[in-house]
Amino acid sequence: MNFGDDLIKLEHVSFTHPSSEDAPAIIKDVDLTIHRGEWVAVVGTNGSGKSTLAKLIAKLTPVSSGEVRFNIPEQPPIQLIFQNPDMQVIGETVFEDVCFGMENYGIAEAEMRQRALTALRKVGLEAMTDSPVSQLSGGQKQLLSIASCLCMNPAVLLFDEATSMLDPRSRHNIVQVAQELHGEGKTIVWITQWMDELAWADRMVVLDQGRVAYNGSTRDFFYLTDEQSQSCCDRLGFIPPYTVQVALSLINKGLKLASMPVTPAELGKIVSLHL
Ligand SMILES: Nc1ncnc2c1ncn2[C@@H]1O[C@H](COP(=O)(O)OP(=O)(O)OP(=O)(O)O)[C@@H](O)[C@H]1O
């Protein structure tokens with residue numbers, strides 16, 4: 001797949017928290033480019049620096065050294081959807097909250113209403129449009145903060161483990177919304193701990209103790225092996241998604257697969273060739 005311009009470029013970015021300057025850097029010498037229209041997944045274990053990297057990419061946190069460069073004419077350039085919705089929910093009612101960011105950008109009332117209702121419908125919150133935010137569950141607040149970001153129509157949507165509080169149906173729904181937006185040309189940065197969420201990414205980046213340990217295709221991450229028959233996924237100690245586990249088990253049983261599946265649909269297609 002071909003992608004457009006370089007939208008965001010991180011060059012030798014490092015970050016040390018100002019409160020613990022003697023401690024090792026949290027982000028270490030990261031070089032990373034995000035292209036227009038790309039879906040980049042970022043994975044890493046707890047504490048590997050994913051949320052810190054997200055805030056550096058969105059320029060919400062200043063780098064300690066290096067540079068983050070934007071080549072994004074649109075306004076707003078980027079919206080970060082946090083892991084914890086309490087970081088983002090501001091309004092008294094659902095409708096007020098979803099309109100808050102748009103008000104700051106001076107969007108006309110009628111358009112604001114239309115964008116708000118469309119975003120609330122997309123995330124499945126339209127029935128709660130007039131509800132007080134205080135009556136929302138944690139997961140519903142997360143859906144609300146996703147809706148608030150969607151209706152800002154940024155060039156880049158950066159989801160920082162945004163589905164971690166959601167039930168499986170809502171999570172599936174949000175992945176579908178992101179897929180639709182990606183299909184329309186939006187750039188997506190998707191930070192996750194769920195290996196099955198990598199299936200939709202054009203490229204994945206693995207963060208290990210603040211460093212980029214892998215930057216490439218998901219297929220190569222799971223299937224490309226070294227002389228010791230270890231994949232990058234094995235070496236870094238991740239457990240591959242169910243689809244890849246099934247494919248590897250078929251290969252171990254001697255089946256020659258026509259190609260290496262990452263999504264369940266790809267696996268289904270390959271297995272059907274052997275029936
Ligand atoms: N305010 C702070 N002061 C000092 N260190 C911090 C601060 N906030 C985070 N850290 C440290 O930075 C490191 C990276 O944290 P970060 O939240 O970016 O990781 P993460 O990969 O997003 O983790 P998780 O998956 O658990 O959310 C951790 O070791 C954490 O302890």
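Guide: Welcome! Two strands pair if DSSP finds at least two bridges between them. Keep that in mind as we look at this predicted model.

Visitor: How do you know that β1 and β2 pair?

Guide: Strand β1 (residues 6–15) shares six bridges with β2. The cut-off is at least two, so they count as paired. The sense is antiparallel, and D6 has H35 in β2 as its bridge partner.

Visitor: What makes β2 and β4 edge strands?

Guide: The open sheet has three strands in the order β2-β1-β4, with antiparallel pairing. β2 (27–35) and β4 (65–70) each pair on one side only, making them the edges. Helix α1 (residues 50–57) lies across β1, β2 and β4, at about 125 degrees to β1.

Visitor: Why is α3 called oblique to α4?

Guide: Their axes, for α3 (residues 109–123) and α4 (residues 138–150), come within 9 Å and cross at roughly 140 degrees. That angle is neither over 145, as roughly antiparallel needs, nor between 65 and 115, as roughly perpendicular needs, so α3 is oblique to α4. The crossing is right-handed.

Visitor: Which residues of α3 and α4 meet, and of what class are they?

Guide: A119, L120, K122 and V123 in α3 meet L143, I146, A147 and L150 in α4. By class, the contact has seven nonpolar, no polar and one charged residues. Lys counts as charged, so K122 is the charged one.

Visitor: What makes up the shell around the ligand, by class?

Guide: It has one nonpolar, 10 polar and one charged residues. Among the residues surrounding the ligand are H17, I26, G44, K50 and T52. Gly counts as polar, so G44 belongs with the polar residues.

Terms used: Residues numbered from 1 in each chain as written. Predicted model: local features only at pLDDT ≥ 70, side-chain atom pairs only at ≥ 80, totals over all residues. Axes fitted to C-alpha atoms, helices over the stretch in contact; angles between N-to-C directions. Helix = DSSP H or I, 4+ residues; strand = E, 2+ residues; numbered from the N terminus. Parallel < 35°, antiparallel > 145°, perpendicular 65-115°, else oblique. Left-handed = near helix turned anticlockwise from the far one by under 90°. Contact = placed C-beta atoms within 7 Å. Near = placed C-beta within 6 Å.
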